[in-house]
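Here is a small set of exercises with worked solutions. Keep the structure open beside the text and try each task before reading on.

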Amino acid sequence: MSSNPKVPVTVLTGFLGSGKTTLLNRILTENHGKRIAVIENEFGEIGIDDALVVKSDEEIFEMNNGCICCTVRGDLIRILGNLMRRRDKFDYILVETTGLADPAPVAQTFFVDDEIQAQLELDGIVTVIDCKHIVMHLDSSSECKEQIAFADVILLNKTDLVSEKELCELEERIRSMNAMAKIHRTRNAVIDMEKVLNLSGFNLDKALSTKPSFLEPDYPFEWGGVYEFGLERLTLRLENGPDPAMDVLFLEADYSERVTIDKLAEKAFRLFSVDKIPLSSGAVIDKTNQVYALSLASEGTKSFEISLKPGLYTLFTQHRPEEFALSLCTTGGTKEARNCVFYQASHIHDSEISSVGIDTEGDLDQTKFNDWLSKLLREKGTDIFRMKGILSIAGQSERFIFQGVHMLFDGRPDRLWGEEKRSNQMIFIGRNLNRAELVEGFNSCLNKNRQLNLR
Amino acid sequence: MPQQESAIEFEIKPLAVQWSNLVCLDYIHDLSWSPNGYHIACADASGYVSIRSVITGHPIEHWTAHKLGALRVRFSPNGKYLVSSGQDGKAHIYDSANYAKLATIDHGENWVEHVAWHKLSDRILTAAGKQLKLSELDGNPVRQFEAHTSTIADAAWNPTAPDLFATSSYNGIRLWNANQSKYKRLLEWKGSLLNIAYSPNAKLLAAGCQDGAAHVWLLPAGKDLFMNGYPTKVRELSWDSSSKYLATGGGLEVVVWDFSGKGPAGKKPILFPGHDAFISALTFAPKGLQLASGGNDGRVMVWDLNARQVVSIYEDDDSRVTALAWSPDGSRLAASFASGRLSIFNLRK
């Protein structure tokens with residue numbers, strides 16, 4: 001049998017009044033010549049005559065496949081399966097969900113049903129947001145959060161109703177929940193079609209094809225700088241700042257030229273989650289690999305003597321140094337960082353939904369990784385909404401690409417690594433994700449020898 | 001060189017093609033033999049219904065019955081009527097003498113996915129979305145039934161009791177009496193049930209499940225058996241005439257369960273591997289132990305359950321098998337394809 005190319009399906013989600021139907025109508029008007037079928041929820045109002053519109057009541061079916069969170073849309077299985085039997089196939093299918101729909105069953109339908117899998121491809125989930133009214137839903141509605149977390153594309157619509165400042169804050173908050181999605185600002189849902197259609201958001205070949213910025217994790221520190229310490233007496237001085245305390249950490253940075261701050265940041269990241277030593281002005285900082293919680297509430301300059309042997313060190317600070325007028329003073333003056341990195345602030349993030357990106361060199365032990373991932377999905381599958389990754393598996397010359405929704409995932413070897421540097425990139429989007437645990441778990445699957453070499 | 005494994009060698013014959021024509025414009029959804037075996041009806045995804053002469057393959061009648069797709073076409077048991085249903089929310093009743101339309105049953109916007117004639121050919125059951133209707137030949141409703149809580153996946157009359165029928169949907173099977181608007185009994189199963197099939201003696205009721213399983217209820221007790229591990233959802237179900245064997249699809253192999261004696265619990269099913277793509281249609285001959293299977297590989301295979309062997313094969317070059325139906329006397333087999341082709345095989349040749 002000849003295998004026809006799969007027909008792409010885009011899912012449109014968004015609360016009632018977000019502009020979802022406006023976007024749908026826009027897609028239908030602007031795509032002349034394409035045969036589009038629309039599966040619409042019961043409240044939809046489509047004004048286009050030449051599209052085939054099928055009304056559908058959302059029917060969510062639990063699957064008895066040993067996966068507690070696996071639900072599918074029974075109505076979509078029926079309708080999509082039937083539509084695909086027609087000879088004059090559709091070029092594109094749009095599924096509009098109800099305002100309060102959970103996107104998971106829609107996405108999982110494309111993983112579970114054999115008929116759907118054979119003929120259709122979930123192209124992407126597009127979530128439309130009403131900038132003005134989203135804020136009141138963001139805190140209270142889990143559906144709203146899930147629609148954001150599942151999205152490949154998020155349209156911040158009705159931008160004319162909010163100030164630039166509100167928009168920036170909203171965008172930052174949404175970015176912190178879903179670091180994978182592309183965010184576009186729109187009015188009246190006006191957007192280029194290529195930004196919402198043919199995204200291949202679930203296509204393994206294009207998974208993470210552009211190295212995404214999301215892979216920079218949200219660290220519990222905002223700044224890191226490399227210093228060279230000699231035999232001189234050093235004092236860390238800070239003034240009053242926006243917070244009454246700040247965590248700092250020194251790490252030995254080795255003399256190796258290869259060591260970058262980013263490499264150390266992963267280590268710092270783990271250390272920031274363990275016990276901290278509280279320290280008041282006048283006390284001594286004499287340990288590396290130890291986070292100190294500097295007490296900065298008192299008036300005036302706070303000084304901490306640094307007693308570390310000569311060498312290269314990286315200082316990580318919870319907040320930006322300039323917020324506390326932080327300086328490293330020698331008897332002769334101040335010491336400047338040789339180079340420094342700013343990290344994205346983490347405290348503005350949504351407490352519940354977040355993204356965890358992992359980007360690390362080294363080869364994965366396939367058995368260990370399988371065991372870790374299946375255990376993770378078994379235990380936390382309900383909270384992991386989406387994941388994607390490109391992996392470097394020990395002993396395999398091809399890249400391994402995979403993606404998943406909750407406990408369902410599919411993956412396969414991709415092209416050869418060739419000249420490209422082997423590395424692992426992965427992203428999880430979910431609820432109550434424990435970054436340190438995920439990073440640590442992932443790292444524990446790395447081939448040991450390789451790990452030692454890196455260190 | 002692969003070794004010859006079995007001592008007994010069966011000759012696998014190609015199926016004798018009586019005729020094979022493009023009878024429809026599109027994917028054929030359903031097939032029905034007239035009870036006298038002279039005519040065969042097909043319904044396709046473009047909304048077209050076609051009636052052909054079984055002997056010659058010549059067109060008797062054809063028409064666009066439904067806007068959008070036609071889903072079902074069925075002759076009444078007495079052969080006097082034909083019903084077609086479609087995605088336009090309608091079911092039409094025709095006089096099979098001239099195929100003139102007699103009446104229409106309207107289900108609004110919902111696709112009419114199932115039709116089932118009453119044994120006496122005087123009433124017809126139609127299911128669309130969550131709505132079930134029992135209508136007279138003039139299209140007037142006999143009775144309103146309580147709406148289902150989710151879309152009706154299938155409906156079937158009890159083969160031994162005249163007014164009893166069953167419907168499947170998410171979370172269970174409802175057993176109804178045509179004279180009552182509320183269902184009599186719910187056979188609960190937490191999951192998405194698809195097609196259902198009564199054994200001819202009505203003592204067993206089988207259902208295929210979305211999650212790769214089949215379920216069989218022993219009636220009237222309601223005790224149930226559960227068979228899982230199928231690679232795909234299970235839609236293809238067929239009982240042999242003795243109510244002893246249940247054949248199921250749901251993957252590459254035909255899986256046959258033996259319900260004789262203590263039943264299939266703890267026993268291994270009989271497996272018939274032979275398709276290169278998922279099975280799409282399955283049906284036992286009206287008598288005896290011949291079983292026909294069709295697949296997405298375009299292959300039609302006839303198996304002999306006694307011999308545990310395939311006896312004949314037909315292969316279509318470019319199209320999937322969409323439905324299979326034996327002639328009422330079991331002498332012929334009809335197979336329809338996604339291309340709109342219909343083939344009639346002669347089994348007595």
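**Exercise 1. Find how many bridges join E3(B) to E4(B), and place the two strands in their sheet.**

Step 1. Strands E3(B) and E4(B) run antiparallel and are joined by 5 bridges. Strands here are DSSP runs of E with at least two residues, helices are runs of H or I with at least four, and both are numbered from the N terminus. Two strands count as paired if DSSP finds at least two bridges between them.

Step 2. For one bridge in detail, take B:Ser32, whose partner in E4(B) is B:Ala41.

Step 3. Now widen the view: the order E3-E4-E5-E6 (chain B) makes an open sheet of 4 strands with antiparallel pairing. E3 and strand E6 (59-64) of chain B are at the edges with a single partner strand each, so one side of each has no neighbour in the sheet. From one strand to the next, the twist averages 15°. Strand axes are lines fitted to C-alpha atoms (for helices, over the stretch in contact), with angles from 0 to 180 degrees between N-to-C directions.

A note on conventions: this is a predicted model, in which local features need pLDDT of at least 70 and side-chain atom pairs count only at pLDDT 80 or more, while totals for chains, interfaces and linings use all residues. Residues are numbered from 1 along each chain as its sequence is written, and chains are lettered from A and ligands numbered from 1 in the order in which they are written.

**Exercise 2. Describe the sheet of chain B that contains E30 and E31.**

Step 1. The order is E2-E31-E30-E29 (chain B), an open sheet of 4 strands with antiparallel pairing.

Step 2. Look for the edges: strand E2 (16-22) and strand E29 (321-326) of chain B each have a single partner strand, so one side of each is left without a neighbour in the sheet. Neighbouring strands are turned by 15° against each other on average, direction ignored.

Step 3. Inside this sheet, strand E30 (residues 332-337) and strand E31 (residues 341-346) of chain B are antiparallel and share 5 bridges. Opposite B:Leu333 you will find B:Phe345 in E31(B).

**Exercise 3. Work out which strand gives the most to the side of domain 1 of chain B that touches domain 2 of chain B.**

Step 1. Chain B is divided into domain 1 (13-144) and domain 2 (236-349), with bounds from an automatic or database domain assignment. Their C-alpha centres lie 23 Å apart.

Step 2. Domain 1 of chain B brings 28 residues to the contact and domain 2 of chain B brings 26 residues. Residues are in contact if their C-beta atoms, placed from the backbone, lie within 7 Å.

Step 3. On the domain 1 side, strand E1 (13-14), E2, strand E3 (28-33) and strand E4 (39-44) of chain B each supply at least two residues. E2(B) gives the most, with 7 residues.

Step 4. By class, this side has 17 nonpolar, 6 polar and 5 charged residues. Nonpolar covers Ala, Val, Leu, Ile, Met, Phe, Trp, Tyr, Cys and Pro, charged covers Asp, Glu, Lys and Arg, and the others, Gly among them, are polar.

**Exercise 4. Analyse how domain 1 of chain A touches domain 3 of chain A.**

Step 1. The division of chain A is domain 1 (7-202), domain 2 (223-342) and domain 3 (353-454). The C-alpha centres of domains 1 and 3 of chain A are 27 Å apart.

Step 2. In this contact, 19 residues of domain 1 of chain A meet 17 residues of domain 3 of chain A. Helix H3 (103-112), helix H6 (142-150) and helix H7 (164-177) of chain A each supply at least two residues of the domain 1 side, and H3(A) gives the most, with 5 residues.

Step 3. The classes on that side are 14 nonpolar, 3 polar and 2 charged residues.

**Exercise 5. Decide whether A:Asp192 is buried or exposed.**

Step 1. A:Asp192 sits in the loop between strand E9 (182-185) and strand E10 (223-229) of chain A.

Step 2. A:Asp192 counts as exposed because it has 9 C-beta neighbours inside 10 Å. The cut-offs within 10 Å are 20 or more other C-beta atoms for buried, 12 or fewer for exposed, and partly exposed in between, with C-beta atoms placed from the backbone.

Notes: Contact = placed C-beta atoms within 7 Å.
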